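User: I'm new to this structure and would like a close look at one part of it, explained in plain words. Could you start from the spot I ask about and then work outward?

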Amino acid sequence: MTQEIPLFQNYPKLKTIPWVFVVNVPTPVEKMKHLSKKLGREIWVKRDDLSHEVYGGNKPRKYEFVFADALAKGKKKILTIGSIGTNHGLATTVHARRFGLETHLYLIEQKISPEVLENLACHHYFGAKLNLMRNQKHRKIAAKTKAFFDRSSYFVTMGASSPLGTLGFVNAAFELKEQIQNNEIPEPDKLFVTVGSLATCAGLVLGLELANVKTKVVGIGVTDPSWSSKENTLELAVKALEIMRQKDSSIPDVSQKLEERLIVDHSYFGGKYGEPTPEGLKAIEIAKNDGLDLEYVYTGKTLSGLIDYIRKGKVSEEDVSVFWSSKSSADLSKYVNKTDYQDLPKKFHKFFV
Ligand SMILES: Cc1ncc(COP(=O)(O)O)c(C=O)c1O
């Protein structure tokens, strides 16, 4: 039996929204003792990297609502898009199959790194059907066209950052509130989180507001600023709120209050998605002292933002900060070792040689 999620405990009328169990929750909260000492501030981490033993991170939280919707509509296949090393595509592949859903990935090239090749090998290992597309536009058109003509297919937007996916992080905010109430973590003043395709940050901002937690959110943008903007993040949060209020009109319309809770900062982006920054690489090394395994595309940049905010005095001495650790830390090497790249569709072989 699965325990009722905090979102439904707080708003029982939302139980009519389809939901399936994916994530091992609550994910732990831990003090980052080493970093706290180094910077002279109290810093905690929310270990969403441990959200699942096969493949965790932030994505599975979104699937609890997204896959449930697909299943409720009688769909058999998930079609989604990303770059060849997409974390979202891998998380989709790993978790969708538990529900009998087959994953089809429409991918474009990206800068090759060991992590990218590891994910690509795992897409295949866990049974994804792989399609290599010429560019972003082709990728989306191909996936959407297939979904349109094949009625057993369900299209999942980039990063599963739909209003439904966002509800996964509204729930996560209520989970954090429970941990605060249980004295597992002090109520944070600031929460640092990566902003990529938006739903993680959008859901947290909305959830913290509804849960009446004082925490302000600093979103560190790691994708093009025109996409991962504050405006787009708030727009997504408001769409998620609309879904909630359609089911339960007693939920307050907090849409006008979200703005003051959120900063989105692209100062640590480095100008290009997927490119490392020197500060991000340094943050990865520093985080190892607190037992965290970060990477340079998302979480390294976000922690570098937190460190810089503290160094620049943007976090006061009394402030408690929490870093949202959103990249799966599960070991994939055992799956990679069992995968021969020559078994992938031919178009993908060039990335491995
Ligand atoms: C590891 C990791 N952290 C954070 C993010 C950002 O989350 P979101 O896409 O919901 O903005 C992503 C994906 O973009 C990710 O793969």
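Which helix holds both Tyr-63 and Phe-67, and how many residues apart are they?

Analyst: Both sit in helix H3, 4 residues apart, which is about one turn of the helix. Before going further, a word on what you're looking at. This is a predicted model, so to speak of a local feature takes a pLDDT of at least 70, and side-chain atom pairs count only at pLDDT 80 or more, while totals for chains, interfaces and linings use all residues. Residues are numbered from 1 along each chain as its sequence is written, and side-chain values use heavy atoms, with hydrogens and water left out.

Helix H3 covers residues 59-72; helices here are DSSP runs of H or I with at least four residues, strands are E runs of at least two, and both are numbered from the N terminus. Tyr-63 and Phe-67 are both buried. "Buried" means under 20% relative accessible area, "exposed" means over 50%, and "partly exposed" is in between (1.4 Å probe, protein chains only). For Phe-67 the relative accessible area is 0%. Phe-67 also has a neighbour from elsewhere in the chain: Val-20 is 47 residues away in sequence, yet the two C-alpha atoms are separated by 7.3 Å.

Now for the rings. A pair of aromatic rings is described by the distance of the centres and the angle of the planes. Rings of Phe, Tyr and Trp (its six-membered ring) pair if their centres lie within 6.5 Å; planes under 30 degrees apart are called stacked, over 60 edge-to-face, and the rest tilted. That rule gives 15 aromatic pairs. Take Phe-8 and Trp-19: their ring centres are 6.4 Å apart and their planes are at 75 degrees, so this pair is edge-to-face. Phe-8 belongs to helix H1 (residues 6-10) and Trp-19 to the loop between H1 and strand E1 (29-31), so the pair ties together parts that are 11 residues apart in sequence. Phe-8 is buried at 6% relative accessibility, whereas Trp-19 is partly exposed, at 21%. Your pair, Tyr-63 and Phe-67, is stacked instead, with 4.6 Å from centre to centre and 10 degrees between the planes. Another helix H3 number, Phe-65, turns up in an aromatic cluster with Phe-8 and Trp-19. That H1-E1 loop also contains Pro-26, which is joined to Val-25 by a cis peptide bond with omega of about -5 degrees.

Helix H3 has another role in the picture: the ligand. Around the ligand there are 15 residues, and the closest are Lys-59, Lys-62, Ser-197, Thr-200 and Ser-326. A residue makes that list if one of its heavy atoms lies within 4 Å of the ligand. By type, the shell divides into 4 nonpolar, 8 polar and 3 charged residues. (Ala, Val, Leu, Ile, Met, Phe, Trp, Tyr, Cys and Pro are nonpolar, Asp, Glu, Lys and Arg are charged, and the others, Gly among them, are polar.)

Some atoms of the protein pair up with ligand oxygens. The side chain of Asn-58 has an N or O atom 3.0 Å from one, and a polar side-chain atom of Asn-87 lies 2.9 Å from a ligand oxygen. Leu-198 uses a polar backbone atom, 2.8 Å from an oxygen of the ligand. Taken alone the ligand exposes 380 Å², and the protein buries 96% of that; such areas come from the Shrake-Rupley method with a 1.4 Å probe, and for residues only the protein chains shown count as cover. Helix H3, strand E7 (190-195) and helix H8 (199-210) are the elements that each give two or more residues to the shell.

Leu-198 deserves a second glance. It's in the loop between E7 and H8, is buried at 5% relative accessibility, and has a positive phi of about 100 degrees although it isn't a glycine. Asn-183 likewise has a positive phi, of about 60 degrees, without being a glycine. Asn-183, though, is exposed, with a relative accessible area of 70%.

Terms used: A polar contact is a pair of N or O atoms within 3.5 Å; within protein, one must be able to donate a hydrogen and the other to accept it, and residues adjacent in sequence count only if both atoms are side-chain atoms.
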